[in-house]
Every structure is written in C-alpha cells, then in structure tokens.
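Subject: Structure handover

Hello,

Here is the structure for you to take over. Please open it first, then read my notes below.

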Amino acid sequence: LRELKLSFDYRNEYDEGYPTIATPLELGVMDDLNVEASYSRLQLLPYTSIDGFESYVYSFADADAKIDLTDKYIVFKYHRSPETKNAVWAGIDNIMIVPTDYCYAVDQLHVTSFTESTVSLAWSSRNSAVQTYDYQLFCADALIREGSVTDTVLHLTGLTPATNYRLQLRAQCSADRYSDWSSVNIRTLAVAPSMPYSVDFE
C-alpha cells in the first residue's frame, strides 16, 4: 500500500447540534473486518457541507512507519453522535486507488463567464504539484487553438459570436506524466442587434 494513494469525494450533513463530533469520519486499515482491535487509523476527516463534495487524496507513503500496511483492508469509520447515538448523513463517491505518482484529471472544469468573443473557465486539481495545464480548443471538431497555463483559470479571447466550441484540458504533473483529458462545451453569445430594430414582414 505504501506505493499507492487513495482519492475520494466526501460530504456530510454538518449539524451544529452535534458539536462534539469534530471529525466524524476516519480513514484506516484493518487486518480482519470482524475484529475491531485490528483497526489502525490513518487520517481524520472533518465536517464538510451537504451542499457539495470535497476531494481528498491520501498517500499511504505518509502513514506512520509503525503501521504495517501489508495485506490490509482499507476502511472508512464513521462516528455516531454521543448525544443522540445517531449518525448524521454522509456520502463518499469516486473512490480511486492509484500509484503514488498518478496524475489526476482536473475537477469541475466549467465556464465562469462568456461574451460574444470571450470565454473564461476555471477548474480545480487534486494533484499536489502541477507544472502546467495544457488546453486545446476545437470548433466543428477542428483544432483551432492550443496552449498551456500555470493557474487554474483560462481566458479565451478573439472568438466568433454565436459559435459552439469544445475545450479540453489536461494536467502535466512532471516531464513525462500527464492526466487524462477533461472537456467542456462552450457557446459564445450572439451579437445584439443595434437599436432601434425593426423587421418588415410584408
């Protein structure tokens, strides 16, 4: 396991009525799922929000050297409220176990603003280090522009009004490590007609 890392998306039902559960979820390992004493905790996860998932990455190389990670089950342990003995709602999604040097695709690639000739986009990344983000812009399946940026935002200018585009983006984590491509569809605004505007239907 020390040569692997685990990623997942997590959200829960934060409730101020349960203030004593500061870290309701734990990530750990077990030798035997039927033997509680075989459990070893690796990381505590705090409250998030029910409104949206947050991405987490845990590298097993960071585990305490005293913990034997050979032939283990990976487990999530959820705490119930000590006041009511009930567990609040939680969700875990998109679990991945990959090599330590794996380069993740970008998350939440989306358009933040657009006009007749410009588009701005943003995204997030769960990689600990990224050299650049490479992008390619397509129109009618033809590559019309490409480049790279170092930040998690991109501003495109000089586009054609009322036109459909597709942008794809990938992370470059090192000289020879790239993520998969992520893509998003874009449409620029049409040019507003000059005023006053009239049409003769005769």
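The notes below go from the whole chain to the sheets, then to the cysteines and one loop residue.

Please keep in mind that this is a predicted model.

**Whole chain**

The chain has 14 strands and zero helices. Read along the sequence, the pattern is therefore β repeated from start to end: β-β-β-β-β-β-β-β-β-β-β-β-β-β. The chain has 202 residues, and 36% of them count as buried. Its accessible surface comes to about 12100 Å². Carbon and sulfur atoms hold 48% of that surface. Now the contacts with a separation of 6 or more: 66% of them come from residues 24 or more positions apart.

**Sheet E4-E1-E6**

Three strands make an open sheet here, in the order E4-E1-E6. The pairing is antiparallel. Strand E4 (54–59) and strand E6 (90–99) are the edges, and each pairs on one side only. On average, neighbouring strands of this sheet are turned by 20° against each other, direction ignored.

How many bridges join strand E1 to E6? Eight, with E1 covering residues 4–12 and the two strands running antiparallel. For a concrete anchor, take Arg-11: its bridge partner in E6 is Gly-91.

**Sheet E3-E2-E5**

Another open sheet of three strands has the order E3-E2-E5. Its pairing is antiparallel. Here the edge strands are E3 (40–45) and E5, each pairing on one side only. Neighbouring strands are turned by 25° against each other on average, with direction ignored.

Strand E2 (residues 25–30) pairs with E5 over six bridges, in the antiparallel sense. Met-30 has its bridge partner in E5, namely Tyr-73.

As background: strands of a sheet pair through backbone hydrogen bonds, in either a parallel or an antiparallel way.

**Cysteines**

I searched the whole structure for disulfides, and there is one. Which residues form the disulfide? Cys-103 and Cys-173, with their sulfur atoms 2.0 Å apart. Cys-103 sits in the loop between E6 and strand E7 (107–114), while Cys-173 belongs to strand E12 (residues 164–174), so the pair ties together parts that are 70 residues apart in sequence. The torsion about the S-S bond is about 75°, so this disulfide is right-handed.

Are the two cysteines of the pair buried or exposed? Cys-103 has a relative accessible area of 5%, so Cys-103 is buried. Cys-173 is buried too, at 7%. The cut-off for buried is under 20% relative accessible area. Cys-139 has a relative accessible area of 23%, so Cys-139 counts as partly exposed.

**Ala-65**

Where does Ala-65 lie? In the loop between E4 and strand E5 (73–78). That loop therefore links an edge strand of one sheet to an edge strand of the other. The relative accessibility of Ala-65 is 73%, so Ala-65 counts as exposed. Arg-2 is 63 residues away along the chain, yet the C-alpha atoms of Ala-65 and Arg-2 are separated by 9.8 Å.

**In short**

The chain is built on strands, with zero helices. Two of its sheets are open, E4-E1-E6 and E3-E2-E5. One disulfide is found, between Cys-103 and Cys-173.

Best regards

Notes: Residues are numbered from 1 along each chain as its sequence is written. This is a predicted model: local features need pLDDT of at least 70, side-chain atom pairs count only at pLDDT 80 or more; totals for chains, interfaces and linings use all residues. Side-chain values use heavy atoms; hydrogens and water are left out. Two strands pair if DSSP finds at least two bridges between them. Helices (H or I, at least four residues) and strands (E, at least two) are DSSP runs, numbered from the N terminus. Axes are lines fitted to C-alpha atoms, for helices over the stretch in contact, and angles run from 0 to 180 degrees between N-to-C directions. A disulfide is a pair of cysteine sulfur atoms within 2.5 Å. Buried means under 20% relative accessible area, exposed over 50%, partly exposed in between (1.4 Å probe, protein chains only). Contact means heavy atoms within 4.5 Å. Accessible areas come from the Shrake-Rupley method with a 1.4 Å probe; for residues, only the protein chains shown count as cover.
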